[in-house]
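New to this one? Here is an informal walk through it, to be read with the model open beside you.

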Amino acid sequence: MVIAIGFEGSANKLGIGIVKDGEVLSNCRRTYITPPGEGFLPRETAQHHREKALIILQEALDEAKVKPQDIDVVCYTKGPGMGAPLVSTSVVALTVAQLWNKPVIGVNHCIGHIEMGRLITGADNPTVLYVSGGNTQVIAYSRRRYRIFGETIDIAVGNCLDRFARVLKLSNDPSPGYNIEQMAKNGKKLLKMPYVVKGMDVSFSGILSFMEERAESLLDLGEYTAEDLCFSLQETIFAMLVETTERAMAHCESSEVLIVGGVGCNLRLQEMMGIMCKERNAKLFATDDRFCIDNGAMIAHAGLEMFSHGWKTLWEETTCTQRYRTDEVEVTWRGE
């Protein structure tokens with residue numbers, strides 16, 4: 001029986017979770033929320049994480065009903081992510097590991113999402129669509145690696161949604177993407193916009209520029225409502241994601257799709273992917289915001305899997321990196 005604690009702080013969410021052999025004992029989280037029309041900057045985000053870290057740590061221990069001596073391994077997000085928040089969170093994790101005299105595991109953020117998705121949904125060997133504020137990838141497992149079949153060639157899909165929310169001055173509470181999703185439900189008129197799929201890769205910067213340049217004039221003319229624009233943006237970018245995911249499924253002869261990452265909470269994306277899966281006699285797996293959105297439990301679970309299969313991060317290697325590819329990690333805990 002192994003108990004792991006995980007520290008996640010790669011963006012504007014600070015999460016600390018505790019997992020025991022695949023059972024989530026606690027999964028506590030705080031989000032740094034900025035005023036409407038503003039994004040979150042690294043320095044202020046890191047300060048938020050520093051201020052909340054010990055509060056959330058105590059919450060996680062209390063909720064899990066465990067003591068420091070019960071913990072077997074301390075896991076933290078090594079990357080990818082924003083530099084300052086990553087470092088501030090890892091400092092807390094490494095300090096705790098030293099105080100408690102526990103081994104440390106540096107976890108790839110993307111793999112944390114995938115392994116948590118597999119745990120919660122029971123997906124066996126799915127084609128993975130990983131969509132968040134900082135990442136957009138279509139992934140499949142082969143020969144001890146999570147292989148990237150396609151990805152964004154510029155900005156992530158979540159970043160595209162967040163930045164358009166700023167154009168409309170939507171609230172960042174609970175998240176700009178969630179508020180776009182709610183507005184899109186009342187959209188009725190589809191605006192034709194760029195649809196950019198390049199082989200297995202996608203591009204969102206041109207779509208964002210298209211919307212930024214036209215949103216104000218379209219709204220002033222009364223030709224489209226803000227709800228219409230949110231609806232049109234979602235329909236277009238989600239169709240791109242479904243297309244590339246389906247192509248990867250065909251290539252891998254896969255019958256499962258798993259959606260992970262913060263944007264994976266979007267019910268319209270899940271609906272569109274579900275339609276595609278039904279047409280292919282495939283099965284869709286997705287989770288809710290407890291596990292889709294960045295959280296500490298996913299880092300704890302992935303770290304526990306790594307630790308249980310012989311992984312250990314040496315103290316001189318307990319660093320962070322803003323760029324840490326999903327396919328860089330040897331997946332020793334999965335067979336062929």
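Let's begin with the cysteines, keeping in mind that this is a predicted model. The sulfur of cysteine 110 has its closest cysteine sulfur in cysteine 320, 14 Å away, which is too far for a bond. A pair would have to lie within 2.5 Å to count as a disulfide. Cysteine 252 is in no disulfide either: the nearest cysteine sulfur belongs to cysteine 277 and is 14 Å away. Overall, the structure holds 0 disulfides. Cysteine 110 is buried, with a relative accessible area of 1%, whereas cysteine 252 is partly exposed at 30%.

**The annotated domain**

An unreviewed UniProt entry gives the annotation "domain: Gcp-like" to residues 30-300. If you look at the two ends of that span, their C-alpha atoms lie 17 Å apart. Helix makes up 52% of the span, and strand makes up 17%.

**Two helices side by side**

Next, find helix H1 (residues 42-64) and helix H2 (residues 83-100). How do they sit against each other? Two packed helices are described by the angle between their axes and the distance between the axes. Here the axes come within 8 Å and cross at roughly 35°, and the crossing is right-handed. From H1, the residues that meet H2 include Pro42, His49, Arg50, Leu57 and Leu61. On the H2 side, the partners include Pro85, Thr89, Val92, Val96 and Trp100. Sorted by type, the residues of this contact come out as 10 nonpolar, 4 polar and 1 charged.

For a close-up of this contact, pick alanine 46, which sits in helix H1. At 2% relative accessibility, alanine 46 is buried. Not counting residues up to four places away in sequence, alanine 46 touches Ala84, Pro85 and Ser88. Its C-alpha atom is 12 Å from that of arginine 30, a residue 16 places away along the chain.

**A helix that is mostly hidden**

Is helix H5 (176-184) enclosed or open? H5 is largely enclosed by the rest of the structure, because 7 of its 9 residues are buried. Those buried residues are Pro176, Gly177, Asn179, Ile180, Glu181, Met183 and Ala184. They pack against H4, helix H7 (226-252) and H8.

**Some unusual backbone spots**

Most residues other than glycine have a negative phi, and most peptide bonds are trans. The table collects four places in this model that go the other way.

| Place | Feature | Value |
|---|---|---|
| Glycine 79 to proline 80 | cis peptide bond | omega about -5° |
| Aspartate 173 to proline 174 | cis peptide bond | omega near 0° |
| Asparagine 101 | positive phi | near 55° |
| Asparagine 281 | positive phi | about 55° |

Where do you find them? Proline 80 is in the loop between strand S4 (73-79) and H2. Proline 174 belongs to the loop between helix H4 (157-167) and helix H5 (176-184). As for the asparagines, asparagine 101 lies in the loop between H2 and strand S5 (104-108), and asparagine 281 lies in the loop between helix H8 (267-279) and strand S12 (283-286). Asparagine 101 is exposed, at 69% relative accessibility. Asparagine 281 is exposed too, with a relative accessible area of 73%.

**The annotated binding site**

Which residues does UniProt list for "binding site"? The unreviewed entry names His109, His113, Tyr130 and Asp294. These are spread over 186 residues of sequence, yet they cluster in space, with a largest C-alpha distance of 12.0 Å.

Take histidine 113, which is found in helix H3 (residues 109-121). Histidine 113 is buried, with a relative accessible area of 1%. Beyond its neighbours within four places in sequence, histidine 113 touches Tyr130, Val260, Gly261, Phe291, Cys292, Ile293, Asp294 and Met298. Two of the listed binding-site residues, Tyr130 and Asp294, are among those contacts.

Aspartate 294 sits in the loop between helix H9 (289-292) and helix H10 (296-308). Is aspartate 294 buried or exposed? At 12% relative accessibility, aspartate 294 counts as buried. Leaving aside residues within four places in sequence, aspartate 294 is in contact with Glu8, Ser10, Ala11, Lys13, Arg29, His109 and His113.

Notes: Residues are numbered from 1 along each chain as its sequence is written. This is a predicted model: local features need pLDDT of at least 70, side-chain atom pairs count only at pLDDT 80 or more; totals for chains, interfaces and linings use all residues. Side-chain values use heavy atoms; hydrogens and water are left out. UniProt positions are given in the numbering used here, feature names are shortened, and annotations may be inferred rather than shown by experiment. Helices (H or I, at least four residues) and strands (E, at least two) are DSSP runs, numbered from the N terminus. Axes are lines fitted to C-alpha atoms, for helices over the stretch in contact, and angles run from 0 to 180 degrees between N-to-C directions. A crossing is left-handed if the near helix is turned anticlockwise from the far one by less than a right angle, and right-handed if clockwise. Contact means heavy atoms within 4.5 Å. Ala, Val, Leu, Ile, Met, Phe, Trp, Tyr, Cys and Pro count as nonpolar, Asp, Glu, Lys and Arg as charged, and the others, Gly among them, as polar. Buried means under 20% relative accessible area, exposed over 50%, partly exposed in between (1.4 Å probe, protein chains only).
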